[in-house]
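Work through the exercises below with the sequence and the 3D view open. Try each task before you read its solution.

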Amino acid sequence: MTISQIIEKMIAFSEGNIHDIDHFIRVWTYAKTIGELESLDANTQYILEIAAIIHDIACPLCREKYGNTNGKHQEAEGMPMAKEFLRDTGLTTEQIDRVVFLVGHHHTFTRISGTDHQILLEADYIANASENGYSKKNVENFIKRIMQTNRGKELTRQIFCI
């Protein structure tokens, strides 16, 4: 499946939840941009973009089941949902396994496993910070403590005028 087809499928899955759709589009845009500027290879870029699109696949279930979208609940519930979502997309088992891993670790800031994982964390943070009005101090701390990619840091500084 193409990235556009994955986006179309995720929009349908979101059942008109504009907040969720806007969020995954933002995260995908930031992830795509950082990945391309960091010169990821084509397969890693493809996996990163799919993970960015479906990273919050469990949010509707978490809202219903737990009354919130706690990151750890999203990770645990999201892994099997992502695997099922990707089942008929034509991705290889290896690609699906990597996307599922990324979905299951997109709130895990320790033992970051690969540049795609790092970029997904950075892209999701940028989107969350802009959507939720994080303070400049919070953003500066994230840049200093968590961000690793040069282009992610630069992009974040430009977005938040730091």
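## Exercise 1: Helix 4 and helix 5

Helix 4 and helix 5 are oblique to each other. The model used here is a predicted one.

**Task.** At what angle do the axes of helix 4 and helix 5 cross, and which residues meet?

**Solution.**

Step 1. Two packed helices are described by the angle between their axes and by the distance between those axes.

Step 2. Take helix 4, residues 59-66. Its axis and the axis of helix 5 come within 9 Å and cross at roughly 125°.

Step 3. Name the arrangement. Angles of 65 to 115 degrees count as roughly perpendicular, and those over 145 as roughly antiparallel. The crossing of roughly 125° fits neither class. The two helices are therefore oblique.

Step 4. Add the hand. Helix 4 passes helix 5 in a right-handed crossing.

Step 5. List the residues. Helix 4 brings Cys59, Leu61, Cys62, Lys65 and Tyr66. Helix 5 brings His73, Gln74, Glu77 and Met81.

Step 6. Sort them by class. The contact of helix 4 with helix 5 has five nonpolar, two polar and two charged residues.

## Exercise 2: Helix 1 and helix 5

**Task.** Describe how helix 1 crosses helix 5, and find the residues that make the contact.

**Solution.**

Step 1. Helix 1 covers residues 3-13, and helix 5 covers residues 71-86. Their axes come within 12 Å. The crossing angle is roughly 125°.

Step 2. Helix 1 and helix 5 are therefore oblique to each other. The crossing of helix 1 past helix 5 is right-handed.

Step 3. From helix 1, the contact uses Ile6, Lys9, Met10 and Phe13. From helix 5, it uses Met81, Phe85 and Leu86.

Step 4. The residues of this contact divide into six nonpolar, no polar and one charged.

## Exercise 3: Lysine 9

**Task.** What does lysine 9 touch beyond its sequence neighbours?

**Solution.**

Step 1. Place the residue. Lysine 9 lies in helix 1.

Step 2. Check its accessibility. The relative accessible area of lysine 9 is 23%. Buried means under 20%, and exposed means over 50%. Lysine 9 is therefore partly exposed.

Step 3. Leave aside neighbours within four places in sequence. Lysine 9 is then in contact with Met1, Phe85, Asp88 and Thr89.

Step 4. Now look further along the chain. Lysine 9 and isoleucine 57 are 48 residues apart in sequence. Their C-alpha atoms are 11 Å apart in space.

## Exercise 4: The loop between helix 6 and helix 7

**Task.** Is histidine 106 buried or exposed? Ask what threonine 108 and threonine 110 are, too.

**Solution.**

Step 1. Find the loop. Histidine 106 lies between helix 6 (93-103) and helix 7 (115-132). Threonine 108 is found in the loop between these helices, and threonine 110 lies there too.

Step 2. Read the accessibility. Histidine 106 is at 1%, so it is buried. Threonine 108 is at 14%, so it is buried. Threonine 110 is at 51%, so it counts as exposed.

Step 3. Look for polar contacts. The side chain of histidine 106 makes one with the side chain of aspartate 56, at 3.0 Å. It makes another with the side chain of histidine 107, at 3.2 Å.

Step 4. List the touching residues, not counting those up to four places away in sequence. For histidine 106 they are His55, Asp56, Gln74, Glu75, Leu120, Leu121 and Asp124. For threonine 108 they are Lys72, Glu75, His117 and Leu121.

Step 5. Trace threonine 110 across the chain. Isoleucine 146 is 36 residues away from threonine 110, with a C-alpha separation of 9.1 Å.

## Exercise 5: Positive phi

**Task.** Where do glutamate 15 and cysteine 161 lie?

**Solution.**

Step 1. Glutamate 15 lies in the loop between helix 1 and helix 2 (18-37). Cysteine 161 lies in the segment after helix 9 (150-159).

Step 2. Check phi. Glutamate 15 has a phi near 50°, a positive value in a residue other than glycine. Cysteine 161 has a positive phi of about 50°, and it is not a glycine either.

Step 3. Check accessibility. Glutamate 15 is at 73%, so it is exposed. Cysteine 161 is at 61%, so it is exposed.

Technical notes. Residues numbered from 1 in each chain as written. Predicted model: local features only at pLDDT ≥ 70, side-chain atom pairs only at ≥ 80, totals over all residues. Heavy atoms only, no water. Helix = DSSP H or I, 4+ residues; strand = E, 2+ residues; numbered from the N terminus. Buried < 20%, exposed > 50% of the residue type's maximum accessible area, 1.4 Å probe, protein only. Polar contact = N/O pair within 3.5 Å; in protein donor to acceptor, adjacent residues only side chain to side chain. Contact = heavy atoms within 4.5 Å. Axes fitted to C-alpha atoms, helices over the stretch in contact; angles between N-to-C directions. Parallel < 35°, antiparallel > 145°, perpendicular 65-115°, else oblique. Left-handed = near helix turned anticlockwise from the far one by under 90°. Nonpolar A, V, L, I, M, F, W, Y, C, P; charged D, E, K, R; others polar.
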